[in-house]
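Me: I am new to this structure and would like to understand the reasoning behind the labels attached to its residues. Could we go through them step by step?

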Amino acid sequence: VLLLPGGIVSVLASDGALTEAIAERIEGAGVAPKLVDRHYLDAMLTPDRLEAVRSASAQAAETNGDFRPVLYHHHLRYWTAQFGTPWVLPAAVGALALVVYLVRIRAVALAIFASGFAASSLEVVLLVGLQVLCGAVYVGLAGLVTVFMAGLAVGAAVANRLPGRQPRRGIAGLAVGIALLACAIPSILNVLAALAGAAAGVPLGQAAVAGAAFVLAAMVGGQFALAGRAGAGAGALAASRLYVADFLGACTGALLASAVLIPLAGLAVTCLLAGAMNVVAAVVVVKSRPL
């Protein structure tokens, strides 16, 4: 592998030997370029620039991968550094406010926060998986969001029609279901990635990602519907508490998953964290007293 400096660093890779004497190779092949000639290359491939690229590439760094795109985090930090905007203090204040909120909310609202976190963070995970498996996330973005919204509607409709006087058990059960799906998603994506080269790899990946998104959304929608009759309050107060919990969970999940968790920890850790939060929420709901 050979790195060549320029306006954009060029990466050359070959099974054979590579050389920085590009001009000699071009001339030896009988090519007479009008722009990228010996003078252009001599000006671009100066010894100091070549050494700078070699020094930069020799630094120890984590491997950037499909399911752990650590380079995205560094790129984000690079661009935010251009504006000189302090983010540590606002982030700390926001984190403290979120902790205070989570300590004060009721058990059912905590479960809705956890499911909202899982919904957004796992949807980002599935979008990354769709990008890796199919090569273009924007082609399937609208379809995946549509499937997710349909799952929410179906889950809520089914939950509203289910009989039962103990909705808290249903909420806890769905939280465990979300956790199990979260733990299964990394394995599903790894299997699909291994099959990506097959003829049916892309359609299979699209169908599997859409199916996972639908099941996830159905459980989240069903849990939200059950929470409305689980003693979270009365009327508008109950609706506002649940909506705020869901909204904050979704915002937190989307932000942390996209900017921090997936780039630095990878898809698997992100999924496990979302699953663990829902397991904790399920335990809290079961152990708490009905209000």
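Reply: A residue is called buried when its relative accessible area is under 20%, exposed when that area is over 50%, and partly exposed in between. This is a predicted model, and its mean pLDDT is 88, with 96% of the residues reaching 70 or more.

Me: Why does Glu20 count as partly exposed?

Reply: Glu20 has a relative accessibility of 29%, and because partly exposed covers the values between under 20% and over 50%, Glu20 counts as partly exposed.

Me: What makes the contact of Glu20 and Arg54 a salt bridge?

Reply: A salt bridge needs a side-chain nitrogen of Lys or Arg within 4 Å of a carboxyl oxygen of Asp or Glu. For the side chains of Glu20 and Arg54 the N to O distance is 2.6 Å, and they meet in a salt bridge. Glu20 lies in the loop between strand 2 (10-12) and helix 1 (22-28), while Arg54 belongs to helix 3 (residues 47-57), so the pair ties together parts that are 34 residues apart in sequence. Arg54, at 38% relative accessibility, counts as partly exposed.

Me: How do you know that Glu20, Glu51 and Arg54 belong to one network?

Reply: The side chains of Arg54 and Glu51 also meet in a salt bridge, at 3.4 Å from N to O, and both of these residues lie in helix 3, 3 residues apart, which is about one turn of the helix. Glu51 counts as partly exposed at 44% relative accessibility. Salt bridges that share partners join Glu20, Glu51 and Arg54 into one network.

Me: Which parts does the salt bridge of Arg38 and Glu24 tie together, and why are both residues called partly exposed?

Reply: The side chains of Arg38 and Glu24 meet at 3.4 Å, N to O. Arg38 lies in helix 2 (residues 38-44) and Glu24 in helix 1, so this pair ties together parts that are 14 residues apart in sequence. Arg38 has a relative accessible area of 30% and is therefore partly exposed, and Glu24, with 42%, is partly exposed as well. A search of the whole structure finds 5 salt bridges.

Me: How many disulfides does the structure hold, and why do Cys183 and Cys271 not form a bond?

Reply: The structure holds 0 disulfides. Cys183 is in no disulfide, and its nearest cysteine sulfur is that of Cys271. A disulfide requires two cysteine sulfur atoms within 2.5 Å, whereas the sulfur of Cys271 is 8.2 Å from that of Cys183, which is therefore too far for a bond.

Me: Are these two cysteines, Cys183 and Cys271, buried or exposed, or in between?

Reply: Cys183 counts as partly exposed because its relative accessibility is 40%. Cys271 has 0% relative accessibility and so counts as buried, since buried means under 20%.

Me: What makes Val215 suitable for a surface patch, and which residues form the nonpolar patch?

Reply: Residues of a patch need over 30% relative accessible area and no salt bridge, and Val215 has 41% relative accessibility, so it counts as partly exposed. The nonpolar patch is formed by Val154, Val158, Leu162, Phe214 and Val215, with about 380 Å² of accessible area together. Helix 7 (137-161) and helix 9 (201-227) each supply at least two of its residues, and Val215 lies in helix 9.

Conventions: Residues numbered from 1 in each chain as written. Predicted model: local features only at pLDDT ≥ 70, side-chain atom pairs only at ≥ 80, totals over all residues. Heavy atoms only, no water. Patch = residues over 30% accessible without salt bridge, like charges linked within 9 Å, V, L, I, M, F, W, Y side chains within 5 Å. Areas by Shrake-Rupley, 256 points an atom, 1.4 Å probe, with all protein chains shown as cover. Helix = DSSP H or I, 4+ residues; strand = E, 2+ residues; numbered from the N terminus. Buried < 20%, exposed > 50% of the residue type's maximum accessible area, 1.4 Å probe, protein only. pLDDT = per-residue confidence, 0-100.
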